[in-house]
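Biologist: Before I look at individual residues, could you show me how to read a model of this kind, feature by feature?

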Amino acid sequence: DIYFNLERYRESDAAFSAVTRSGKQAAFYTSASYMRGWAQLKLRDYERSLSSFVNVVDSRFSDTASIVNASKGDRELLQDTIRAMSMIFSEGHGYSQIADFFSRIGRRQYEYLVYDGLGKLYLSKEQYSDAAKTYLAFVNTNPKDVLAPAFYTRVVKSYHQAGYQDSVLKHKMAFIERYGVHSQFWNLYGE
């Protein structure tokens with residue numbers, strides 16, 4: 001932490017790397033991966049930073065149940081890690097980079113959190129179209145996911161916040177077509 005606090009990010013990265021090389025069983029693996037991710041982010045080494053942040057989430061949250069049942073401290077760690085990843089994606093190619101990234105490293109059960117984090121980041125910057133496109137990217141990448149309707153609702157809400165009434169109407173109609181009682185989705189999940 002000393003190197004990081006002194007803004008000596010290269011030395012910080014190297015020091016945290018030494019800890020993570022001890023393996024996932026090491027007592028400080030998750031903390032070291034987290035701080036290494038931040039040091040790499042400060043160095044604008046975004047690809048390595050994303051990998052470090054993925055190591056954080058993978059090491060602490062092995063499945064959806066561990067996310068849902070996380071302690072307050074772990075939830076804060078997860079939220080901050082997702083926020084950092086969202087910042088990186090917003091600096092790059094946004095939502096399209098998320099799908100590319102996870103197809104390259106392997107799908108994860110928490111991808112929805114990354115899309116949601118990026119969408120929320122865009123909303124906080126009043127980039128409503130980018131938020132809507134991010135939520136729609138999740139839906140298009142995961143059309144049969146149980147969360148897809150909720151994400152599509154966020155598409156509509158984002159366009160509504162922007163005041164794009166034509167887009168709101170278009171996506172409300174698309175929502176009904178995708179998730180209404182006569183849709184394939186309804187046949188999968190039903191009542």
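Modeller: What follows goes from the whole chain to single residues, with each term explained where it comes up. This is a predicted model, in which local features need pLDDT of at least 70 and side-chain atom pairs count only at pLDDT 80 or more, while totals for chains, interfaces and linings use all residues. Residues are numbered from 1 along each chain as its sequence is written, and side-chain values use heavy atoms, with hydrogens and water left out.

Biologist: What does the secondary structure of the protein chain come to?

Modeller: Helices (H or I, at least four residues) and strands (E, at least two) are DSSP runs numbered from the N terminus. In this case the protein chain has 12 helices and 0 strands, and its C-alpha trace spans about 55 × 30 × 30 Å along the principal axes.

Biologist: How should I read burial, and what share of the 191 residues is buried?

Modeller: A residue is called buried under 20% relative accessible area, exposed over 50%, and partly exposed in between, using a 1.4 Å probe and protein chains only. By that reading, buried residues make up 43% of the 191 residues in the protein chain.

Biologist: Which residues are in contact with Gly119, leaving aside its neighbours within four places in sequence?

Modeller: Contact means heavy atoms within 4.5 Å. Gly119 lies in helix H8 and is buried because its relative accessible area is 0%; beyond those neighbours, Gly119 is in contact with Ala131, Thr134 and Tyr135. The C-alpha atoms of Gly119 and Val155 are 9.4 Å apart in space, although the two residues are 36 residues apart in sequence.

Biologist: Is Asp116 buried or exposed?

Modeller: Asp116 counts as buried, because its relative accessibility is 11%. Asp116 is also in helix H8, which covers residues 111-124, and, apart from neighbours within four places in sequence, Asp116 is in contact with Tyr135, Phe151 and Arg154.

Biologist: Where is Glu47 found, and which residues does Glu47 contact outside its neighbours within four places in sequence?

Modeller: Glu47 is found in helix H4, residues 46-60, and counts as partly exposed because its relative accessibility is 38%. Setting those neighbours aside, Glu47 is in contact with Phe101 and Arg104, and the C-alpha atoms of Glu47 and Ile88, 41 residues apart along the chain, are separated by 8.7 Å.

Biologist: Turning to the backbone, what is the phi of Arg44?

Modeller: Phi of Arg44 is near 60°, a positive value in a residue other than glycine. Arg44 lies in the loop between helix H3 (29-42) and H4, and counts as exposed because its relative accessibility is 60%. Glu126, which is not a glycine, likewise has a positive phi, of about 60°; Glu126 is placed in the loop between H8 and H9, and at 58% relative accessibility it counts as exposed.

Biologist: Which residues form a nonpolar patch on the surface?

Modeller: Patches are made of residues with over 30% relative accessible area and no salt bridge (a side-chain nitrogen of Lys or Arg within 4 Å of a carboxyl oxygen of Asp or Glu), where like charges are joined within 9 Å and nonpolar side chains (Val, Leu, Ile, Met, Phe, Trp, Tyr) within 5 Å. Accessible areas come from the Shrake-Rupley method with a 1.4 Å probe, and for residues only the protein chains shown count as cover. Here Val146, Leu188 and Tyr189 form such a patch, with about 310 Å² of accessible area together. Val146 is in the loop between helix H9 (128-141) and helix H10 (148-162), and counts as exposed because its relative accessibility is 56%.
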